[in-house]
Amino acid sequence: MFPLYDVIVVGAGHAGCEAAAAAANLGSKTLLITMNMQTIAQMSCNPAMGGIAKGQIVREIDALGGYSGIVSDKSMIQFRMLNKSKGPAMWSPRTQNDRHLFATTWREMLEQTKNLDIWQDSVTGLIVSRGTIEGVKTSLGIEILGKSVILTNGTFLNGVIHIGEKNFGGGRMGESKATGITEQLLELGFESDRLKTGTPPRLDGRSLDYSKMEIQDGDDNIVGFSYLETEKPKEQRCCWVTYTNQAVHDILKTGFDKSPMFQGRIEGTGPRYCPSIEDKINRFAERERHQLFVEPEGWNTVEIYLNGFSTSLPEDVQYKALKMIPGLENVKMFRPGYAIEYDYFPPTQLTYSLETKLIKNLYFAGQINGTTGYEEAACQGLMAGINAHQSVHGKQPLTLSRSEAYIGVLIDDLINKGTDEPYRMFTSRAEFRTLLRQDNADIRLTGRSYEIGLAKEERMNMVNKKIQQTGHIIKQMKKISFEPSQVKNYFESIDTAPIPEKTNAIKLLLRPQVNLTELATYSSGLNALIKDVPRETIEQVEILLKYEAYIEKEKELVEKSSSLEELVIPDSFDYQQINSLSSEAKQKFIKIRPRTLGQASRISGVNPTDVQILMVYMGR
């Protein structure tokens with residue numbers, strides 16, 4: 001019934017979908033197994049993609065040839081570029097999405113992908129022989145053979161849902177948990193632990209009074225995620241902002257004695273940067289209110305997602321507290337919020353390719369590695385799908401460094417530092433974030449993907465054209481100058497000092513208030529130079545010129561740090577022979593087996609002295 005597959009992907013969430021698409025598009029015979037074909041690419045929590053640092057990841061996925069950016073653009077109901085008041089390293093695209101359209105679009109794209117089969121079933125075990133994966137076993141008693149397997153189980157591994165004092169098995173509300181895999185992996189020598197995440201109640205939008213809330217419109221200029229030409233919506237839906245208050249907090253506190261979190265019924269650690277509302281009012285007792293985002297679930301539904309009100313308190317307490325929030329006095333709930341606890345496997349058990357160290361050609365991606373968020377899951381799935389294909393075809397894995405991509409930062413953090421709480425990406429985690437901007441992900445990554453055959457020629461041609469146009473404009477701008485009288489009125493309108501003499505265009509552009517497109521309207525030569533040039537290229541010119549000093553400084557730091565990355569540690573290196581190493585460093589080195597001295601230096605618990613000692617023993 002089933003052929004021998006090159007890649008079998010278990011789970012069809014964001015990680016699984018990207019993994020399956022990547023492997024199949026590279027030419028591997030791929031099988032995607034899901035417990036429910038109606039929930040492929042389900043947005044289990046908020047109906048949105050991107051945001052601070054997460055938006056950069058979605059653009060990187062797109063630049064590599066993944067699908068998340070295209071699907072997000074096709075299903076968006078609102079677009080915003082966050083942090084525009086800050087420097088371009090902080091700009092982060094975010095879309096509000098139609099939940100149903102997002103999943104439907106993903107499924108349509110998967111069904112149109114060559115080399116990809118889909119099978120509805122539950123995987124209950126793995127087929128392993130002599131330390132190598134050989135396939136999976138399902139609840140229907142079927143054995144499906146594959147040269148590689150990618151586990152993207154999300155929150156389904158022994159998942160338990162909590163609402164107040166009630167708890168029951170489930171991977172998502174209304175869906176059963178997955179059993180068998182954790183137990184087998186433990187028998188094979190893996191370590192596992194528990195994590196927790198949560199979701200807010202879903203509300204009936206017809207029962208809300210939006211006049212009591214702050215309106216939040218989308219941007220006039222819809223940039224989107226994909227570097228390809230995707231169709232953007234001609235109109236956008238707005239969101240709203242409201243706040244909790246002391247009365248809300250007082251009602252929520254009445255449920256603390258029935259809270260699974262405070263009563264110890266939840267063992268797993270929750271996300272530090274996306275805490276439940278009860279956790280917020282407990283940890284930040286001095287705050288009189290907390291911001292809540294009222295987000296529509298789609299174009300043709302009245303369902304509302306109350307972002308910021310994640311909770312596992314009893315449903316009656318949730319309801320009473322909601323009614324005290326401005327605009328929600330007559331609220332009706334579609335369903336209560338809940339917490340979910342699930343198994344994960346500390347990611348220090350993986351290599352850079354996301355292959356497990358214990359079992360050859362077995363890969364982990366997504367929440368099974370301790371991350372939280374669609375975007376973090378999707379990028380891991382993409383990399384696991386690429387590398388599973390590369391492995392079974394005898395090719396070198398594709399790995400990204402910390403200076404190349406946020407994806408590289410995420411994977412490096414996971415496998416070297418591990419995580420004991422749900423890991424979320426932030427711009428602050430990337431030390432080279434001036435280089436890792438959302439505007440240049442295509443320039444950074446499309447070439448890498450094109451080399452292995454994932455990014456298509458269309459993408460590569462667009463990148464080359466962007467680079468050539470950018471270089472040409474900068475070169476020509478060096479020849480264009482402005483007389484004081486040319487820009488007198490413009491400079492007065494933007495409240496910047498006049499120029500005393502003829503000045504080069506690039507020097508004028510370095511002023512924070514000056515915009516290239518606006519400046520060009522005062523010079524026929526500059527206007528002709530950028531006429532009909534894509535917005536993305538003009539933006540690239542501006543950023544490269546305005547932030548040249550910062551970019552060059554960061555490139556120098558990358559070059560200095562790369563010297564340690566080039567010092568490879570042999571697989572056979574015996575750390576036990578080095579008595580002068582700290583015991584913690586020795587344990588971490590033996591467990592993680594760092595590939596280079598650079599990787600060794602980033603392992604949690606390893607200090608600079610340990611790295612210097614290692615260098616001496618390696619003859620450096």
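**Salt bridges, strand pairing and nonpolar cores**

Across the whole structure, a search finds 33 salt bridges. The model examined here is a predicted one. Side chains of opposite charge can pair when their charged atoms come close. One such pair is Glu315 and Lys166, whose side chains meet in a salt bridge with an N to O distance of 2.4 Å. This pair links distant parts of the chain, with Glu315 in helix 8 (residues 315-322) and Lys166 in strand 12 (residues 166-169), 149 residues apart. Glu315 has a relative accessible area of 29% and is therefore partly exposed, since it lies between the 20% and 50% limits. Lys166, at 47% relative accessibility, likewise counts as partly exposed.

Arg194 offers a helpful second example. Its side chain meets that of Asp343 in a salt bridge (2.8 Å, N to O), a pair that links strand 13 with strand 20 across 149 residues. Arg194 also forms a salt bridge with Glu341, where the closest N and O atoms are 4.0 Å apart. Here, too, distant parts of the chain are linked: Glu341 belongs to strand 20 (residues 338-344) and Arg194 to strand 13 (residues 193-199), 147 residues apart. Because burial requires a relative accessible area under 20%, Arg194 counts as buried at 18%. Glu341 is buried at 4%, and Asp343 is buried at 7%. Elsewhere, a network of salt bridges links Arg402, Asp412, Asp413, Lys417, Glu431, Glu565 and Arg602.

Turning to strand pairing, strand 18 (residues 303-307) is mostly covered, with four of its five residues buried. Strand 18 pairs in the antiparallel sense with strand 14 (residues 202-204) over three bridges, and with strand 17 (residues 291-296), also antiparallel, over four bridges. Tyr305 of strand 18 shows both pairings nicely: Arg202 stands opposite this residue, and so does Glu295. Strands 17 and 18 are joined by a hairpin through six residues.

The nonpolar interior can be described next. The largest nonpolar core has 91 residues, and Leu151 and Leu362 have the most contacts inside it. Helix 9 (residues 374-392) provides the largest share of this core, nine residues. Apart from neighbours within four places in sequence, Leu362 is in contact with Leu126, Ile133, Val149, Leu151, Leu185, Phe190, Leu354, Glu355 and Thr356. A second, separate core has 25 residues, including Met477, Ile480, Ala520 and Ile530.

Terms used: Residues numbered from 1 in each chain as written. Predicted model: local features only at pLDDT ≥ 70, side-chain atom pairs only at ≥ 80, totals over all residues. Heavy atoms only, no water. Core = buried A, V, L, I, M, F, W, Y, C linked by side-chain atoms within 4.5 Å. Buried < 20%, exposed > 50% of the residue type's maximum accessible area, 1.4 Å probe, protein only. Helix = DSSP H or I, 4+ residues; strand = E, 2+ residues; numbered from the N terminus. Contact = heavy atoms within 4.5 Å. Pairing = 2+ DSSP bridges.
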